[in-house]
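Colleague: Could you walk me through the salt bridges and a small sheet in this model? I'd like the cut-offs as we go.

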Amino acid sequence: MTDAKELTITLSKSSEKIHEVYVLAQQNYDKSYETTLLEGAQLINSFESNPINSLRARVPGLQMNATAGGVTSGTGMVIRGMKSIVGGNQPLFVIDGMPIENETSGANQYGGQDWGNSLKELNIYDIDHIQVLKSAAASQKYGSRGMNGVIEILTKGQNINPGLSFDVNLGGSKGNVYGMPLLLSQEDINQINDSRLAWLSTASDNYYQSFEKSNSQVAQIAVNYSKAKNKFRLSYGADYNKGSFIRNTLDKNNLMFKGIRDWSPEVQTILGAIYNHSISRNAPSIGAQKFASLGRSFIEYPVDFATVTNNDPLESETAWYLYGQQAKKTAQTVRLFLNNSWKINEQLNFNISANYSDYNIETKEGANGYFERLLGSESLYHQQRAYNNQANEYTRDWMTKAELNYNKSIQKHQIHLSVGYDYWQTEGGIEGQSYLPLDKYPQRIKKGGEKVAIDTYLDPSKFSLANAFNIQHANNKSIHGAIASANYQYGPNIFVNIAARYDHVNTLSNLEKLGSLNKFYPSVGVSYLYAPLINKWLGFTEKTLNFAKIRANYAHIGNVTGLFHYQSAVTDDLELPYPSLKTVYKPYYTNSGSWGLRNYQTGFSYEYAKEYELGTDLSLYANRLNLHVTWYNRVIDNYLYDIVSPLEQMTTPLRDVHAKVRNRGWEIQLNAIPVQISNFSWSSTINFSANQNKFLAINSSSPSSLNQLGTQNDVSLVGSVNGNFGTLLSGFAQKTNDKGQPLLNSAMEYLPSGEAKQIGNTTAKWIAGFENKISFKNFQISGLLDFKVGGDIYSGTHGLLYQRGVLADTRFGRSKELGGIERKTAVRQIDPETGIQETVYKSTFDGIIPEGVFDQDVYLFGKNVSGLSFSQAQELIGKDELGEHVLQPVSASDYYAGFHDKAGVRDRSVFENSYIALREITLGYTMPTNLAQKWFHADLVQIGVVGRNLGYLYKSLPFNLNPDGSYNNRNAGSFEYAALLPVRTYGMFLKLNF
């Protein structure tokens, strides 16, 4: 009996492996489009705090980038290229039929924090499978929400074995930062005569010591029951994550129930509830110019940095900025879903469903003051820096859907007709208060009185209410959608798909025609199974070519963004009254269009796209080789309107902009099982995608068109006709003359162009993923590589470290051994023999002669040196009475310092961001069934180790800059500034089934 059980289990596992590839090849055999299906089991055990990151490198056409914002951060996702000029290119998520807004998150050019969105709270162990809809034809059923693609998640509970069973998953991980920017070495410093670098020998150690080891602990248990007409699944999951930044944590608790009742062979009810509770603490500041962050403190305040490595926010102003401001966000989400299906007869069935989602965030943030140590036994306590803020936000969504399906077969003809209606509504709100100290001045404290001072100023009576606000029933949007489809099959090989959707979208009732939009989304497609024809022509058997399909479709799709903040879709604290709730970034629009508590210029946008797609799918050698090839061409019309609130007074947009964008590209996926024998199997998946993006037209009702898509340090991501979403322009590009020679000012600093010039392009040439899985007896090993080729990034980290002269890139010219030339400096001294003051020259070999010529109207020592090189100017100016040249080379230290924020050039900090990342390696062991039952009384026991984000086999970024250092998930990670260091994670997992 035991042997029989073992044999059955072994066969089941082998069958599942074949089925996985077969499903990928033929899951849409009757459709004119292709989707990507991922089983939930492929994504678990990654120990990513945001489970969505597990999709990275596994879906062709899906480009992902992480933000360097700790365990609370979100994920950037773009399917088939950038589309929206307002920065919202994130795909829609649908969980058990409920659409979930996948909002952008992160900092902007002024700094900020990344708190992610509700997707980071998902329990990955509850996911049965994920289906990614990339084409307009596949997403057409979602109408005005499907523009950016759709990621459908179905939770577990459908397929439960008879009886009572339990699933248990346990795991934990630890992580270490790596990839410190490459600075001058100690050997370099020993050769350099620059007192400003004295701190550098300890700076790296101090920076590393400011990070902590990250860790996570995961525990999940599920109860499954199936008997007769009833099935249910009840699960609980706990996922605790600590980041590398001090006190940055994300703790999640998830509860899910799904029940299925078959009332009769014709009637079925599925109901479920998901409860997510998370606490996010202290998201680190990133991308900071006006906010303090670890990266910026290292870049700009390295001398002070060593004094704050004890992480005591009371010790100094720098430490207070880094560690003194505490923030906590408590999020609770309730999602309810109900689905009823009724088979009326053999041809007719009816489905009706309802979904509800309630998402609440409570924010608490505040800070004490800090001490400024004085000489003697006194200190100043800066309690005026203290604050206490709190806010409560909510978002509620409702959705109902009804669908009637009709099927009819007449000889070779099969017809499936469907008509449906759905209604979706969302609204949100926020209320909050901000408190400041009554005493606005520092207090002088005697040594030993620090605790009394802190306790005194913690008293709520020492604070006064600075601001309060309450905005309810904001961000209203509703969509009434009617959809009809007809699928026709002729014989076994020909399929035709026709569908149409009509949406009525309501946003703001008093926004003239924009407040109520009507959109129509048609689609048509045809596919043909040609394997029998090829087999007949070439004499192949069905085992050689199992499946072959050619497909083509044309469809319309759209997106109604509604109101957004004109300055930046990822906001800073401008939308809330000062002193702001620094961690509340989401805008709230009332019916009058107000932004927070004050009127502000906003925008309204919607997008409409038309796409045609061609492709083929092949399955060969008993489904052991599967190929999917897709070519697409999508043209998107972006409509943007400038609006000033309140809308009761300004009902007409100030300006309208129309931008036409094209995305065209290829997607290829190859699934193979090169080896499959009794005790050994090897499966491999390669996916590849290349997208070309182009602005076809930008038209505006005013002379100035809206084309800035993002900015950092005077470098802008700009949309222009015949350019694309990746065009980087800067007025601080290098200024050159007609001959292309760089121009210098009188301080021998390079001059900025003063007019916008292209300095880079952030669009990737292609992306790919390569995953291999090997099984030998009871052992399994898998590895995942993530490829990105092409696409530039502007690195603010490099720009500032270069200007400070501390990067390894700045060793040139520091000494004679490092290429420095002789530089003579006049020094006044007294001759010890005569007692007369005289001028002597001190020689050093740290001189640099900048390449280029002096700009127009540049005078040095009374001479016009316009258009002259350094040597020409030196000759013109001549020598002094001691016979030395008056014009001397610039010191290396001053040369690099010349690249400050309002001089120099930005081109030097634009680099190609190509890489091959070792994204994941997993080693697992499945215990023999007899031992699992004997030792654990379990049907299945699996144990394993995993490494995640292990490093880069290749990266084009120099000086150890972080390829994933983007500070937000908008616009595909075009900017990096003061990022946290990357984290390499190692974990262990245990799975038991009873």
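Modeller: Gladly! Buried means under 20% relative accessible area, exposed over 50%, and partly exposed in between (1.4 Å probe, protein chains only). This is a predicted model, where local features need pLDDT of at least 70 and side-chain atom pairs count only at pLDDT 80 or more, while totals for chains, interfaces and linings use all residues. Residues are numbered from 1 along each chain as its sequence is written, and side-chain values use heavy atoms, with hydrogens and water left out.

Colleague: Thanks! Are aspartate 617 and lysine 549 buried or exposed?

Modeller: These two form a salt bridge, with their closest N and O atoms 4.0 Å apart; the term asks for a side-chain nitrogen of Lys or Arg within 4 Å of a carboxyl oxygen of Asp or Glu. Aspartate 617 sits in strand S26 (residues 601-620) and lysine 549 in strand S25 (residues 545-565), so the pair ties together parts 68 residues apart in sequence. Strands here are DSSP runs of E with at least two residues, and helices are runs of H or I with at least four, numbered from the N terminus. As for the two residues, both are buried.

Colleague: How many residues apart in sequence are the parts tied together by aspartate 786 and arginine 919?

Modeller: Their side chains meet in a salt bridge at 2.8 Å, N to O. Aspartate 786 belongs to strand S36 (residues 779-789) and arginine 919 to strand S45 (residues 915-926), so the parts they tie together are separated in sequence by 133 residues.

Colleague: And what is the relative accessible area of arginine 919?

Modeller: Its partner, aspartate 786, counts as buried at 5% relative accessibility. Arginine 919 is buried too, and its value is 3%.

Colleague: Now the sheet: in which order do its three strands come?

Modeller: It is an open sheet with antiparallel pairing; two strands pair if DSSP finds at least two bridges between them. Strand S17 (371-373) and strand S21 (443-446) each have a single partner strand, so one side of each is left without a neighbour in the sheet. The order is S17-S18-S21.

Colleague: Which residue in S21 stands opposite glutamate 378?

Modeller: Strand S18 (residues 378-381) pairs with S21 in the antiparallel sense over four bridges. Across from glutamate 378 in S21 stands lysine 446.
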